[in-house]
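Reader: I am in my first year and would like one part of this structure explained slowly, namely the open sheet and what lies around it. Could you take me through it step by step, giving the reasoning wherever there is some?

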Amino acid sequence: MQSLRDTTPASSGSALPSLVGNTPLLRISAPLAPEGRGFWAKLEGFNPGGIKDRPALYMVERARARGELRPGGRIVESTSGTLGLGLALAGMVHGHPVTLVTDPGLEPSMTRLLGVYGARVDIVTEPHPVGGWQQARRDRVTELLAEEPGSWCPDQYNNPDNTTAYTPLALELASQLGHLDVLVCSVGTGGHSAGVGRVLRQLYPELRIVGVDTIGSTIFGQPARPRLMRGLGSSIHPRNVAYDNFSEVHWVAPAEAVWTCRTLAASHYATGGWSVGAVALVAGWLARTAPAPTRIAAIFPDGPQRYLSTVYDDEYCARHGLLDGPPPPAPETVGHPTEKEVLRWTRCTEVSDPLAPAPTAPQAGPR
């Protein structure tokens, strides 16, 4: 029997992209929202590797078209897991070897899966003193690129192709729902919140976009801290984050995400990882508190498979203090992201780029 790696991209590989996209919607209601209310979940876990199959394929295709990635050139990128799956798929489709730089927080099952898909996994051993594991991974990517001529890095944090790749996802939502009032997205590299939000805002100018981050993430101006949740949040400031698009941001703690993931699984037979739990918690609150006709969509980036040894493992959750019961019924509110360090579910309606220069005070005119 011939393996996928033994086939040429022109045969089975050329058919693989057809598996990406056109993911289903699921209506989520009780117990996260009262009967008769709820939100629509876009189940991106139905893609082969998750939501980042979309940008992985698109970034590689655009780089090949521009001549930045030559035939047979190696793809080298930093990943916490999901983009790695997408790049392994893109490498298989287009005939590129793939090296993925990650850290000890990547689940062993994911490391094995990436290897089975043909990727080389390089694990950094020490976090960067300021930028944490993410910056350590990016520094290692720079080293690997220098060692291998002709290699290429997608730079998912800053590559505009990462955002453009989500245009089809936005159009799918518009086609499936017909109208949309609120979009709830997790924020990590900023790719899908920026790309989907940009297109949907053109279709629905009054659309509210709600970003969901994790405690300990520096994206929206909080201090960077060691983070348990993967797939959302950052220790650096990705330039793909479209700060101007957000109506508000919520930070969610790991225990709150775990409770929501498990509640989704028990009530809807559909769930996912840290990002899914955090997004569903916020979307459920919006469904409970917004006017009844409000149409809310939440993007679920992945499914539960890679989290069986973390989110869905009682021993792991007990060891990290993640089984303390349900989250509060509503978030705490702060007036500005730098008002205080948040440690539980918290929201803020003042969203700005923490790296933007402070406005200068107007100069007094001549007397």
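Author: What follows begins with the sheet as a whole, then takes up some of its strands and neighbours, and ends with a separate pair of strands for practice.

Please keep in mind throughout that this is a predicted model. The sheet is open and has eight strands, which lie in the order β1-β2-β9-β6-β7-β8-β11-β10, with mixed pairing. At its edges are β1 and β10, the latter made of residues 332-333, and each of these two pairs on one side only. As general background, the strands of a sheet pair through backbone hydrogen bonds, and they can do so in a parallel or an antiparallel way.

A good place to enter is strand β7, residues 208-214, because six of its seven residues are buried, so that the rest of the structure largely encloses it. On one side, β7 runs parallel to β6 and is joined to it by five bridges, and one residue pair to look for here is V184 with its bridge partner V210 in β7. The connection between these two strands is worth tracing with a finger: β6, helix α8 (residues 191-203) and β7 together make a β-α-β unit that is right-handed. Turning to β8, you will find that β7 also runs parallel to this strand, again with five bridges between the two, and that T214 has V252 in β8 as its bridge partner.

Strand β2, which covers residues 39-43, shows the parallel arrangement too, since four bridges join β2 to β9, and A41 stands opposite A298 of β9.

Strand β11, residues 346-348, contains T346, and T346 can be called buried because its relative accessible area is 0%. Leaving aside residues up to four places away in sequence, T346 touches V249, H250, W251, P331, E332 and V334. Its side chain also reaches the backbone oxygen of R344, at 2.8 Å.

The loop just before β6 offers a contrast in exposure. H179 sits in this loop, between α7 (167-177) and β6 (182-186), and H179 counts as partly exposed because its relative accessibility is 38%. The side chains of H179 and D181 are joined by a polar contact of 2.9 Å. Not counting residues up to four places away in sequence, H179 touches Y204 and R295, and the second of these shows how folding can bring distant parts of a chain together: H179 and R295 are 116 residues apart in sequence, while their C-alpha atoms are 7.3 Å apart in space.

Helix α9, residues 254-268, can be checked with simple arithmetic: at 1.5 Å a residue, its 15 residues should span 21 Å, and the C-alpha atoms at its ends are 21 Å apart, which agrees. Its buried residues include P254, V258, C261 and L264, and the elements that cover the buried part of α9 include β1 (25-28), β8 (248-252), β9 (296-300), α10 (274-289) and α11 (314-319). After the helix comes Y269, whose phi is positive, near 55 degrees.

C261 also enters into a question about bonds. A search of the whole structure finds zero disulfides, and C317 gives an example of the reasoning, because the cysteine sulfur closest to its own belongs to C261 and is 9.3 Å away, which is too far for a bond. C317 itself is buried, with a relative accessible area of 0%.

For practice, look now at strands β3 and β4. Side chains in a regular strand alternate between the two faces of the sheet. In β3 (residues 75-78), I75 and E77 point one way and V76 and S78 the other, and all of them are buried. The parallel pairing of β3 with β4 (residues 98-102) has four bridges, and S78 has V101 as its bridge partner in β4. Between the two strands the chain passes through helix α3 (residues 82-94), and this β-α-β crossover is right-handed.

Helix α3 is largely enclosed by the rest of the structure, because 12 of its 13 residues are buried, among them L83, L87, M92 and V93. The same arithmetic applies to α3: at 1.5 Å a residue its 13 residues should span 18 Å, and its end C-alpha atoms are 19 Å apart, which agrees. The residue that follows α3 is G95, with a positive phi near 75 degrees.

Conventions:
Residues numbered from 1 in each chain as written. Predicted model: local features only at pLDDT ≥ 70, side-chain atom pairs only at ≥ 80, totals over all residues. Heavy atoms only, no water. Buried < 20%, exposed > 50% of the residue type's maximum accessible area, 1.4 Å probe, protein only. Pairing = 2+ DSSP bridges. Right-handed = clockwise from strand over helix to strand, strands pointing away. Disulfide = S-S within 2.5 Å. Expected span 1.5 Å × (residues − 1). Contact = heavy atoms within 4.5 Å. Polar contact = N/O pair within 3.5 Å; in protein donor to acceptor, adjacent residues only side chain to side chain.
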